[in-house]
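This briefing is meant for a reader meeting the structure for the first time. Please keep the sequence and the model side by side while reading the points below.

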Amino acid sequence: PPSSASSSTQPKLRDSAEKSEDAEHSEDAAPPALPPAAAVTYLEALTQPGVVPSISAAAIAAFGLWVPTVYIVRHAQDSGYDSDTSSRVILAFGLGGIIGRLPIAYVADLWGQRLVVAAVVACFGVLTALLSWIVKVEGLLYSYGFVAGSLVGSFMALLGPLMAETVRPKYMPKVTTAAFSALGPGFMGGPAIAGRLYDSLGTLDWSFALAGLFGLVAAVMLLLTPCIVQHSEQQRAEEEEAAEEEEERAEEGRAGARKEGHPGGVGRDHAASEAGRAERGVAGPEDLFSRRTGSGPGTA
């Protein structure tokens, strides 16, 4: 009966509607697909605009960042402080690395990662270069330990966001890995160079001055990177525009050659068509005109 058939189809319709709703909810709840980072090679990631200067700046800064951590206690002892006072500087350094990075990270969210990282390494460079005078006052020495620890900790915390600000998300894993890997030679080589200078000169003044110089150079590189990227992109756009104009001129030249009857143009096509008519015995427009007027060859 029709009533029984309709009643049997209603549960099926309800089941299909519930399944479709469940499918829609599952699609809405599905997390967004991650960018295909595995398909990106390191060469492709590192050749993105601004990546190499940024990583190079971080690697140069690393040569100076670890020098105070290794030698500030020795420098304080050489300046006349006892072991307890010298050791407390390291405590201030560690405390700054924990607490001081928080307000600096907040400022970086407001002003941009690159500007703040450049300011961080520049301040570190100036303070470290002046450490020979700062160490003469105990209060300033503790203050330097806290501030320098804040700057070093902020640099390490902001390096990843700096790379994220430089490239698109799909390149970020490769670029961030390369950036942190580039810090290794500086963290090992900077203290080694400072120790070599200390052994040769008998003082750490020049070691800290060189460490500060590394920070200043890195800051300048970070600030100049956007200008370098903009210049390279402008130059690339000019080269592409010049190539398009050259292609347009070449196309116009080929079109003009076809109109003037150059080889491969209209003249050769016309001659070929006339030769084909003569072989087939078909009269062309000139033969028809001569027959009608009686002015062609063979008329009396």
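In this predicted model, R249 has a relative accessible area of 48%, and R249 therefore counts as partly exposed, since that class lies between the buried limit of under 20% and the exposed limit of over 50%. The side chain of R249 meets that of E246 in a salt bridge, with a distance of 2.7 Å from N to O. The points that follow begin with this pair and its helix, and then turn to the surface patches, two buried residues and the protein as a whole.

**Salt bridges**

- A search of the whole structure finds three salt bridges, and the one between R249 and E246 joins two residues that both lie in helix α11, three residues apart, or about one turn of the helix.
- E246, the acidic partner of R249 in this salt bridge, is partly exposed as well, because its relative accessible area is 45%.
- R254 forms a salt bridge with E251, in which the closest N and O atoms are 2.6 Å apart, and because these two residues are three positions apart in helix α11, about one helical turn separates them.
- E251 has a relative accessible area of 38% and so counts as partly exposed, and R254, at 38% relative accessibility, likewise counts as partly exposed.
- R254 also meets the side chain of E247 in a salt bridge, here with an N to O distance of 3.6 Å, while E247 is partly exposed, with a relative accessible area of 47%.
- Which residues are joined into one network by salt bridges that share partners? They are E247, E251 and R254, with R254 taking part both in the bridge to E251 and in the bridge to E247.

**Negative surface patch**

- A negative patch on the surface is formed by E238, E239, E240, E241, E244, E245, E248 and E252.
- One of these residues, E245, has its place in helix α11, which covers residues 205–260, and this is also the helix that holds R249 and E246.
- E245 has a relative accessibility of 37%, which means that E245 counts as partly exposed and that it passes the limit of over 30% that patch residues have to meet.

**Nonpolar surface patch**

- L95, I98, I99, F146 and V147 make a nonpolar patch of about 420 Å² on the surface, and the elements that give two or more residues to this patch are α5 (83–99) and α9 (138–166).
- Helix α5 supplies the largest share of the nonpolar patch, namely three residues.
- V147, one of the residues of this patch, lies in helix α9, and at 34% relative accessibility V147 counts as partly exposed.

**Two buried residues and their contacts**

- T85 has its place in helix α5, the element that gives the largest share of the nonpolar patch, yet T85 itself is buried, with a relative accessible area of 8%.
- Once neighbours within four places in sequence are left aside, T85 is in contact with E138 and Y142.
- P191 is found in helix α10, which covers residues 172–201, and because its relative accessibility is 9%, P191 counts as buried.
- Which residues does P191 contact, leaving aside its neighbours within four places in sequence? The contacts of P191 are with W66, V67, V70, Y71 and G186.
- The contact with V70 brings together residues that are 121 residues apart along the chain, and the C-alpha atoms of P191 and V70 are separated by 6.9 Å.

**The protein as a whole**

- The protein has 13 helices and zero strands, so that every element in the run from the N terminus on is written as α.
- Of the 300 residues of the protein, 33% count as buried, and T85 and P191 are among the buried residues.
- Among the contacts in the protein with a separation of 6 or more, 78% are accounted for by residues 24 or more positions apart, and the contact between P191 and V70, which are 121 residues apart along the chain, is one example.
- The accessible surface of the protein comes to about 18,300 Å², and 62% of that surface belongs to carbon and sulfur atoms.

Notes: Residues are numbered from 1 along each chain as its sequence is written. This is a predicted model: local features need pLDDT of at least 70, side-chain atom pairs count only at pLDDT 80 or more; totals for chains, interfaces and linings use all residues. Side-chain values use heavy atoms; hydrogens and water are left out. Patches are made of residues with over 30% relative accessible area and no salt bridge: like charges are joined within 9 Å, nonpolar side chains (Val, Leu, Ile, Met, Phe, Trp, Tyr) within 5 Å. Accessible areas come from the Shrake-Rupley method with a 1.4 Å probe; for residues, only the protein chains shown count as cover. A salt bridge is a side-chain nitrogen of Lys or Arg within 4 Å of a carboxyl oxygen of Asp or Glu. The place of a charge is taken as NZ of Lys, CZ of Arg, CG of Asp or CD of Glu. Helices (H or I, at least four residues) and strands (E, at least two) are DSSP runs, numbered from the N terminus. Buried means under 20% relative accessible area, exposed over 50%, partly exposed in between (1.4 Å probe, protein chains only). Contact means heavy atoms within 4.5 Å.
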